Amino acid sequence: MRFERRDHPSRALTLLAPVGAILVALLVAGGLIALAGANPLRAYGLILKGAFGSRLGISETLTRATPLILTGLAAAVAFRARLWNIGGEGQLYMGALAVAGFGMIPALVALPAPVAILLCLAVGAVAGMVLLLVPLGLRLKFGVDEVVTTLLLNFVAVLFVSLMIEGPMKDPLAFGWPQSVPVPDSAVLPQLMARTRLHLGLLIAVAAAVFTWWLQSRTVFGMRARAAGLNPRAAAFAGVPLGRTLIAVACLSGGMAGLAGAIEVMGVKGYVTTDLSPSYGYSGIIIAMLANLNPIGVIGAALFSAVMFVGADSMSRALSIPSYIADVTVALSLLTMLVAIFLTQYRIRR
Amino acid sequence: MSPPASPTATRVLELDRITKRFGPVTANEDVSLHLDRGEIVSLLGENGAGKTTLMSILFGQYTADEGHVRVEGQELPPGKPRAAIRAGVGMVHQHFALAPNLTVLENVMTGTEPLWKFRSDRAGGRARLIALSEKFGLKVDPDARVSDLSVGECQRVEILKALYNDARILILDEPTAVLTAQEAEGLFSTLREMAQKGLSLIFISHKLHEVMSASDRVVVLRRGRVVAERKTSQTSKEELASLMVGREVKRPARPPSTPGRVLLEAVDVHVGGRGGASLKGVSFRLHAGETLGIIGVSGNGQTTLAGLVSGLHAPDSGSLLIDGQTPARHDVPHAIAAGIGRIPEDRNAEGSIGDMTTWENTVLERIWSPEFSRRGMVKRAAARAATEAIIRDYDVRGATVEGRIRLLSGGNMQKLILGRVLNAGPDILVAAQPSRGLDEGAIAGVHERLLEARGRGAGVLLISEDLEEVIGLSDRIRAIVNGRLSPAIPVEKADAQTLGLMMAGDWSAAAALEAEASHAL
């Protein structure tokens, strides 16, 4: 048996790859569910029902998808240019912390809501950028591998958040809990559905995905970023400024992750804690791969992941199967997607 | 070395009429080569002449389309590196395959013992290694860690590794590429000693003086064929240089050049070696409507020179004037905007991005021009239309506007690159090795386009290792030697002897010819 590179991977195959990958992942996870003593089909039915069966379910799924779209975009944008940003989690926390810190400025309360919101979003995005520009700088100057630095900075960032919310940013009214001072009301994102947690952040995330798609497929910057990722030497020969292009990509990627943190604080929590993100940053990497790095696909992949997590919660209550099955399924889908991507590019020959 | 009395008794290796094709490109054609016991044979040829392919066939990494390999009379099964090793063929690669954290002895013994043996026979291995190292004068400390060794010592370990595997035929692939001059001298005396002790060696190189001092016999490859075989004692550097780049050819009929104003002028330019050989004070002028050929054996600064004119490097000192002006910046966009068209040396690594579409590859280097973008947005329709026109006008077969460029053959890729460069109407064209790796038909097409560009008044800087090409296209020729350019001689005076001297670094005759030509003007 050997593998042979396909000359033209067909469009249908490329589109079907994530679907196939998810199906196989569900099949394998189904085996685990059966081992735990439940009917897999019933479990999946309950997951779908939990995620979509009620107004609350739908709103929770979409709320959950919101930060995942943004962290998925952060990974997808960077990976396209072969910038291996594994630090989405840390950038998310820095975005969140920056917004909470910015919210402590007294003058913000007096600002009209749209202005305050825009300012806060920008501050969160910039904080995310800064945290990615440091490892990029190290790579450009000294050739330090950014996989290591961005990954390790995640822990630094979370510990820094912990330091700040135990110290100068601690909310005096939180009965001693380690959480930051809440953002002012003027910076809270308006709700999209009454009596749910769904907020404007979803629209911002979707808009970010569309904007990213446009940027990548229609602009000079997008073309250069892709060229720099695919063949740096040829890109340099064609006059693409490699360093500057990577810096712009890093700003976009880190900005998206920072935005995710800011939106989570402004739309859902209201303040920062160290459990703000159940690994949204890391999930973003899976989502980006599942979407084949396509920004529009990121929306779908984020939804899949959100459905699994929200649905698994209610499924586990009904069947007493641990809700970790959601983590398992999503993680499996990354593995199956990697195989699927390979199979779209190579055919198996005997 | 005296010739053996009975050739069949001592013939250790025979490559018999080897032919290997990759698609339309013939890497080796009808190559026969033999090696006798105790002999050092040099395989000499330019990059892409087919040396590496031939040795890969011998070592079983490639399977030949036609022909046989025989070691000591026994035919080697094709495509089996293990069989080659067992038959006593050892290969010392240019890039060492040593584990830096292990000792010399451990490196040498790795892979020689079965994995399921509990104890490795250190004492036996050490004794054998010391015996080998004494026998062949390859001094090395068996217990030294490889990371502490110099490059020259690492190479000795590589050679010992092959000998430890009972190699009787040793292939050295450009062994001096990483060595200092003294280390290279040391290596040559080691090679001599090994040959005297009955080993047979093939020495791959494109450096003339090494070939002259290291080998008994030289086999010259060019474009995949054996073009000459000489006893080293009966040849000279000059002869080898001209054999390597090609025989004298008749110049094809073409309109005479009418040189116009100076388009490009380099004055004493130095460029430090950024991964390639450096330029050490290069001066030349390129006029409108002429082709200036730069000939030379590879590795003498050609790549850096092409990079300089292409806008990839800025001069460290000296100046590069385009149309009499120093450009605001020495970078690619300024070079292109100033009217320089660039045909890169390496089509796949430098000239194209395999996973992008044909249209993206066509417009990428000029994407900033108003023709292809407006306020940061790509003009997709215009880009597609321009690509469509190039595919049609330059007959790029197998290309579709939206298809990935990776699928194009070398010849068609070059047509596309020519198209994207020439459609911009450059005043200056720098063509680096424009026909390397192409088949005859594609080469003719490339040459026609280059002559056309000269005909409409562009200045063409042709950097090539192919003499036929340089004589066929150029009006004046300079040789590049060790980062410096020789005086320019008119192509009418370019014969094999003069060019051989020029490439070997003897420029007195060239200087006289240049002076004579400038008087005639």
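Among the elements of chain B, mean pLDDT (the predictor's confidence in each residue, from 0 to 100) is lowest, at 58, in helix α1 (residues 7-10) of chain B and highest, at 96, in strand β15 (residues 340-343) of chain B. Helices here are DSSP runs of H or I with at least four residues, strands are runs of E with at least two, and both are numbered from the N terminus. This is a predicted model, in which local features need pLDDT of at least 70, side-chain atom pairs count only at pLDDT 80 or more, and totals for chains, interfaces and linings use all residues. Residues are numbered from 1 along each chain as its sequence is written, while chains are lettered from A and ligands numbered from 1 in the order in which they are written.

Chain B has an average pLDDT of 86, and 94% of its residues score at least 70. Over residues 1-8 of chain B, pLDDT stays under 50, and the model has six contacts beyond four places in sequence for this stretch; a contact means C-beta atoms, placed from the backbone, within 7 Å. Where pLDDT is low, the predicted coordinates should not be read in detail. For the complex, the predictor gives an ipTM of 0.84 and a pTM of 0.76.

Chain B holds an open sheet of four strands in the order β2-β1-β4-β5, with antiparallel pairing; strands pair if DSSP finds at least two bridges between them. Its edge strands, each pairing on one side only, are listed below.

| Edge strand | Residues |
|---|---|
| β2 of chain B | 25-36 |
| β5 of chain B | 74-75 |

Strand β1 (residues 11-22) of chain B joins β2(B) through eight bridges in the antiparallel sense. B:F22 is opposite B:V25 in β2(B). Helix α2 (residues 51-58) of chain B lies across β1, β2 and β4 (66-71) of chain B, at about 120° to β1(B).

In chain A, helix α11 (residues 280-290) and helix α12 (residues 295-319) pack at about 125°, with axes 8 Å apart. Axes are lines fitted to C-alpha atoms, for helices over the stretch in contact, and angles run from 0 to 180 degrees between N-to-C directions. The packing angle makes α11(A) oblique to α12(A); angles under 35 degrees count as roughly parallel, over 145 as roughly antiparallel, 65 to 115 as roughly perpendicular and the rest as oblique. A:S283, A:I287, A:A288 and A:L290 of α11(A) meet A:V298, A:A301, A:A302 and A:S305 of α12(A).

The contact between the chains takes 16 residues from chain A and 22 residues from chain B. On the chain A side, α8(A) gives the largest share, six residues.

Methods:
Contact = placed C-beta atoms within 7 Å.
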